[in-house]
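Let's take a walk through this model together, starting from one residue and working outwards. Keep the sequence and the 3D view side by side as you read.

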Amino acid sequence: MKSEWREYLLGDLYNFSSGLSKNSKEFGFGKPFLSFKTVFNNYILPEELPDLVNSNIAEQERCSILKGDIFLTRTSETLDELGMSCVALRDYPEATFNGFTKRLRPKGKQVYPLYAAYYMRSPYFRANINSMVSMTTRASLNNDILSRLPIQLPTYEGQEKIGDILYSFDRKIKLNNRINDNLYAQTRAITKDWISESAGDYELSSLSDIASINPETYSPKEAWKYVNYLDTSSITNGCIAEIQYITTSSEKLPSRARRKLAPNDIVFSTVRPNQRHFGIISEPLPNMLASTGFAVIRSKNPLVCNELIYLCLTENEFIEKMEQIAEQSTSTFPSIKPSDLGVCEIPCPKDDSSMSLTETLKSMFALIAANQRENTYLADMRDVLLPKLMSGEIDISSIQF
């Protein structure tokens, strides 16, 4: 019952620490690193942190990541991105975290870590942040503000129920992601077998000969009433974390929202290829645009499906090759040009004898897309339940979980 809940201040429950400030040249190698975007995009820290950074032993000790730690986004250009939380459910040896985030390490055992992480994603916690933070050039959370932020706690048993109910959605999402990882691995194995067993049935062709790169561009003169926008940081290894819905009559459309997307288009970020911001968009939303930071690739050869192209472009060896080219660029950030992708070679079947391969790849990618759709539904359901559980609107006293 809500009457059993008590209010505490974060300063009574947690110690606060800031992370590392690293130069962009230090990214891409070294030890595991928790970035701002990973905190922002995840309720639960991934099993493996996607970024790497050069860190020494002293930095690893000062900015460690241990089971039960909560991380908040510390600074942002908008209040919407400020104070977003995720929790570590295990220790991350040698890992450190980004200076744009704050680590909350519990002083005791009054708070169930999962409950805390979800509570800090609730509208009540976010409203308190908005009331305490003033916008200058950037919004920022300092230790003083953090220490004064309130958190409502039911009994520890109640915290466990709420945290575990919400985590059941994320656990299923994680399971679906593992299934998809397995499916991707199978598609790669099947493709390699086809290449090794069909040496005389295909020839290597440049990507630009078999596919269109950036085939369709949106013009503001088209005046779409709304846009579903995919930014480069919002997709990693084929998993979309966020699609921004923009009403053009009341919101400014980003100048980079220009690449039109069609079913099964491939998006491949041209900035820092080693960060693996790529995917295949099996079912784009209406009026969906991708950033010009992507190269959008669409097969124009009926014998070569987009799925085969995607598998070739996302092989580790190919990513490493693109990163080497990016490091030699004169741009602000390591980057490649669409033409660098255009010259890469893709196995192109000589006739329709490869149709069984195409059908197999398409069916397996369809299963992957179905799991991704289910994940979107599960995440939506979790987000609907979260404020109802945190407000006490749903009575958890009789729930057996």
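Leaving aside residues up to four places away in sequence, Ile346 touches Glu203, Leu204, Ser205, Leu207, Ile210, Val304, Ile309, Cys312 and Leu313, where contact means heavy atoms within 4.5 Å. Ile346 sits in strand 23, residues 345–349; helices (H or I, at least four residues) and strands (E, at least two) are DSSP runs numbered from the N terminus. With 1% relative accessibility, Ile346 counts as buried, on a scale where buried means under 20% relative accessible area, exposed over 50% and partly exposed in between, using a 1.4 Å probe and protein chains only. Ser206 makes a nice illustration of how the chain folds back here: 140 residues separate Ile346 from Ser206 in sequence, yet their C-alpha atoms are 6.1 Å apart.

Before going on, please bear in mind that this is a predicted model, in which local features need pLDDT of at least 70 and side-chain atom pairs count only at pLDDT 80 or more, while totals for chains, interfaces and linings use all residues. Residues are numbered from 1 along each chain as its sequence is written, and side-chain values use heavy atoms, with hydrogens and water left out.

Among the partners of Ile346 are Ile309, Cys312 and Leu313, and these three bring us to helix 9, where they are listed among the buried residues. How much of helix 9 is buried? Eight of its eight residues are, so helix 9 is largely enclosed by the rest of the structure. The full set is Asn306, Glu307, Leu308, Ile309, Tyr310, Leu311, Cys312 and Leu313.

Two helices that pack against helix 9 deserve a look. Helix 7 (residues 156–197) meets helix 9 (residues 306–313) at an angle of about 95°, with the axes 11 Å apart. Here axes are lines fitted to C-alpha atoms, for helices over the stretch in contact, and angles run from 0 to 180 degrees between N-to-C directions. The two helices are therefore roughly perpendicular, given that angles under 35 degrees count as roughly parallel, over 145 as roughly antiparallel, 65 to 115 as roughly perpendicular and the rest as oblique. Helix 7 contributes Tyr184, Thr187, Arg188, Thr191 and Trp194 to this contact, and helix 9 contributes Leu308, Tyr310 and Leu311. Sorted by class, the contact of helix 7 with helix 9 has five nonpolar residues, two polar and one charged; Ala, Val, Leu, Ile, Met, Phe, Trp, Tyr, Cys and Pro count as nonpolar, Asp, Glu, Lys and Arg as charged, and the others, Gly among them, as polar.

Now turn to helix 12 (residues 355–390), which packs with helix 9 at about 75°, the axes being 9 Å apart. This pair, too, is roughly perpendicular. Glu307, Leu308, Tyr310 and Leu311 of helix 9 face Leu361, Lys362 and Phe365 of helix 12 in the contact, which comprises five nonpolar, no polar and two charged residues. Helix 12 itself has 36 residues and spans 52 Å from its first C-alpha to its last, close to the 52 Å expected at 1.5 Å a residue, the expected span being 1.5 Å times one less than the number of residues. After helix 12 comes Gly392, with a positive phi near 85°.

Let's finish with the charged pairs. The model has 16 salt bridges, each being a side-chain nitrogen of Lys or Arg within 4 Å of a carboxyl oxygen of Asp or Glu. In one of them, Lys37 and Asp51 come to 2.7 Å, N to O. This pair joins distant parts of the chain, helix 2 (residues 36–41) for Lys37 and strand 4 for Asp51, 14 residues apart. Lys37 is partly exposed at 22% relative accessibility, whereas Asp51 is buried at 8%.

Another salt bridge pairs Arg90 with Glu47 at 3.7 Å, N to O. Arg90 lies in the loop between strand 7 (85–87) and strand 8 (96–97), and Glu47 in the loop between helix 2 and strand 4, 43 residues apart. Arg90 is partly exposed at 27%, and Glu47 is partly exposed at 37%. With Lys174, these two residues are linked in a network of salt bridges.
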